[in-house]
Amino acid sequence: MAVIYDLKTVPGQDPEQENPLLHPYIVFSGTIPSHKILKEICEASTFTVPDLEGALHALSEKVLHYLNDGYRVELGRFGYFSATLKPIRPVQDPKQVNATMLRFESVNFRPSAKFRQKLNGKFQRARTGQGNYRSSAVSEEECRRRLLAYLEEHSFITRLGYSALTGKLKNTAIRQLHRFIAEGIIVSRGQHSQVVYMLPGKK
């Protein structure tokens with residue numbers, strides 16, 4: 001099975017420029033749960049699923065133990081795990097930082113060279129219609145008309161929904177939606193990835 005890929009513009013560019021720089025990314029086919037992997041291993045060995053689940057649980061606990069003690073952990077051919085820190089509030093003066101102000105932020109994974117070398121699958125471009133990396137040529141007036149017509153029949157629209165409705169890329173879509181908000185023809189509700197747009201007065 002081939003890896004499905006698509007292209008997107010490199011961040012920080014004007015999405016309307018003539019020939020923006022492009023970067024490939026994987027269009028994931030889904031998520032493989034650990035139970036499926038363990039079952040497939042068992043079918044090709046004398047292990048049982050509970051045996052492997054127990055070993056996996058014990059391994060994760062040991063990795064966490066050493067990460068909590070400040071070690072970087074090497075895990076066979078996979079690579080290295082390491083914890084990262086963050087302050088509980090922004091600081092500029094090193095003298096203001098002490099242990100009580102820190103917390104673990106996340107865990108980084110760096111694959112080993114051998115693990116990376118085993119990535120040798122084939123690639124296939126995403127189907128037509130999934131690879132549009134330029135905004136459509138639809139005018140802003142037409143975008144406004146489509147948006148208002150949509151909101152007359154629906155309670156709200158998301159940024160992704162607006163992009164699908166108008167063919168505009170993310171940055172262009174956000175700029176247009178913000179202009180429509182400034183004009184007073186729509187309002188926004190929510191924050192970050194949960195923002196929706198609706199007509200004023202609608203709930």
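Which residues make the nonpolar surface patch of about 370 Å²? To find them, select Ile32, Ile37, Ile41 and Phe47, which together form this patch. A patch here consists of residues with over 30% relative accessible area and no salt bridge, in which like charges are joined within 9 Å and nonpolar side chains (Val, Leu, Ile, Met, Phe, Trp, Tyr) within 5 Å. The accessible areas come from the Shrake-Rupley method with a 1.4 Å probe, and for residues only the protein chains shown count as cover.

The model on the screen is predicted: local features need pLDDT of at least 70, side-chain atom pairs count only at pLDDT 80 or more, and totals for chains, interfaces and linings use all residues. Residues are numbered from 1 along each chain as its sequence is written, and side-chain values use heavy atoms, with hydrogens and water left out.

**First stop: Phe47**

Keep Phe47 selected and display the backbone around it. Phe47 is found in the loop between α1 (34-43) and α2 (49-68). Helices (H or I, at least four residues) and strands (E, at least two) are DSSP runs, numbered from the N terminus. Phe47 has a relative accessible area of 48% and is therefore partly exposed; buried means under 20%, exposed over 50%, and partly exposed in between (1.4 Å probe, protein chains only).

**Second stop: a pocket**

Next, select Leu56, Leu59, Leu75, Phe78 and Phe81. The second largest pocket has a volume of about 290 Å³, and of the 13 residues that line this pocket, these five are the closest to its centre. Rolling a probe the size of a water molecule over the atoms shows where empty space is left. On a 1 Å grid over the protein atoms alone, a pocket is an open set of points where a 1.4 Å probe fits, with protein on both sides within 12 Å along at least five of seven lines; lining residues have an atom within 4 Å of a point. Grid points are joined across faces, edges and corners, and the volume is the space filled by probe spheres set on the points.

Which element gives the most to the lining of the second largest pocket? Colour α2, which gives the most, with 6 residues. Both α2 and β5 (102-111) supply at least two residues of the lining. By kind, the lining divides into 10 nonpolar, 2 polar and 1 charged residues. In this count Ala, Val, Leu, Ile, Met, Phe, Trp, Tyr, Cys and Pro are nonpolar, Asp, Glu, Lys and Arg are charged, and the others, Gly among them, are polar.

Now centre the view on Leu56, which sits in helix α2. Leu56 counts as partly exposed, at 41% relative accessibility. Its C-alpha lies 9.6 Å from that of Leu38, and the two residues are 18 apart in sequence.

**Third stop: salt bridges**

How many salt bridges does the structure hold? There are 7, each being a side-chain nitrogen of Lys or Arg within 4 Å of a carboxyl oxygen of Asp or Glu.

Select Lys36 and Glu40, whose side chains meet in a salt bridge (3.0 Å, N to O). Both lie in helix α1, 4 residues apart, about one turn of the helix. Lys36 is partly exposed at 40% relative accessibility, and Glu40 is partly exposed at 43%.

Move on to helix α4 (residues 140-153), where Glu140 and Arg144 are 4 residues apart and therefore separated by about one helical turn. Their salt bridge has its closest N and O atoms 3.9 Å apart. Is Arg144 buried or exposed? Arg144 is buried, with a relative accessible area of 16%, whereas Glu140 is partly exposed at 25%.

Finally, add Glu141, Arg179 and Glu183 to the selection: with Glu140 and Arg144, these residues are linked in a network of salt bridges.
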